[in-house]
Amino acid sequence: MTLPPLPDDAIVLRADVADWRDAVRAAGRALARSGATLPGYADRMIDVLVEFGAYIVIAPGLALAHARPGPDVRRSGLSVVTLAEPVAFGHPHNDPVRVVLGLAVSNAEEHVASVADLANVFNERDAIDRIATAETAAEVRAVLRVAGGEGDRPTDAAEPSS
């Protein structure tokens, strides 16, 4: 698999968010906390949704937030945010969202490879449910079949909305 590592800093469980923008911001904050991106990347992910719509809601309950490679991407990264309460993104069939993945890549080839690898993970019928109900970062990584990263530390705090 070519998915980037998923350190504990990039995983937020049971985040309290007000709406889809907060959910994407939580994924962006997790990417920045892990060192993959600068904080402004979250705003670019939101801009993608504003411009192109909710196409990032790729399966029932699952959103893949991302933006084009840019100077705010320090290295490839992945984040996972599970939501305490599902939120609508405006997708006609796949709302509401319970899991938001944040993806940052430094080039188009990495984007294609990462999306293909994620598609393989989510071919498993129960993968979204298993992530949505995960109680630890290790459980999330087990579903995604990715390694952790340097600086992993236990986390059990929900992400506050801002």
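**Strand S3 and its partners**

Student: Which residues point one way from S3, while Ala 63 and Ala 65 point the other way?

Tutor: This is a predicted model in which local features need pLDDT of at least 70 and side-chain atom pairs count only at pLDDT 80 or more, while totals for chains, interfaces and linings use all residues. Residues are numbered from 1 along each chain as its sequence is written, and side-chain values use heavy atoms, with hydrogens and water left out. Strands are DSSP runs of E with at least two residues, and helices are runs of H or I with at least four, both numbered from the N terminus. Ala 63 and Ala 65 point to one side of S3, and to the other point Leu 62, Leu 64 and His 66.

Student: How many residues of strand S3 are buried?

Tutor: Buried means under 20% relative accessible area, exposed over 50% and partly exposed in between, with a 1.4 Å probe and protein chains only. S3 covers residues 62-66 and is largely enclosed by the rest of the structure, because the buried residues number 5 of the 5.

Student: Which residue of S3 is the bridge partner of Ala 59?

Tutor: Two strands pair if DSSP finds at least two bridges between them, and 2 bridges join S2 (residues 57-59) to S3, the two running antiparallel. In this hairpin, which has 2 residues between the strands, Gly 61 takes a positive phi near 85°. The bridge partner of Ala 59 is Leu 62.

Student: Which residue in S5 stands opposite Leu 64?

Tutor: S3 and S5 (residues 97-104) run parallel and are joined by 5 bridges. Opposite Leu 64 stands Leu 101.
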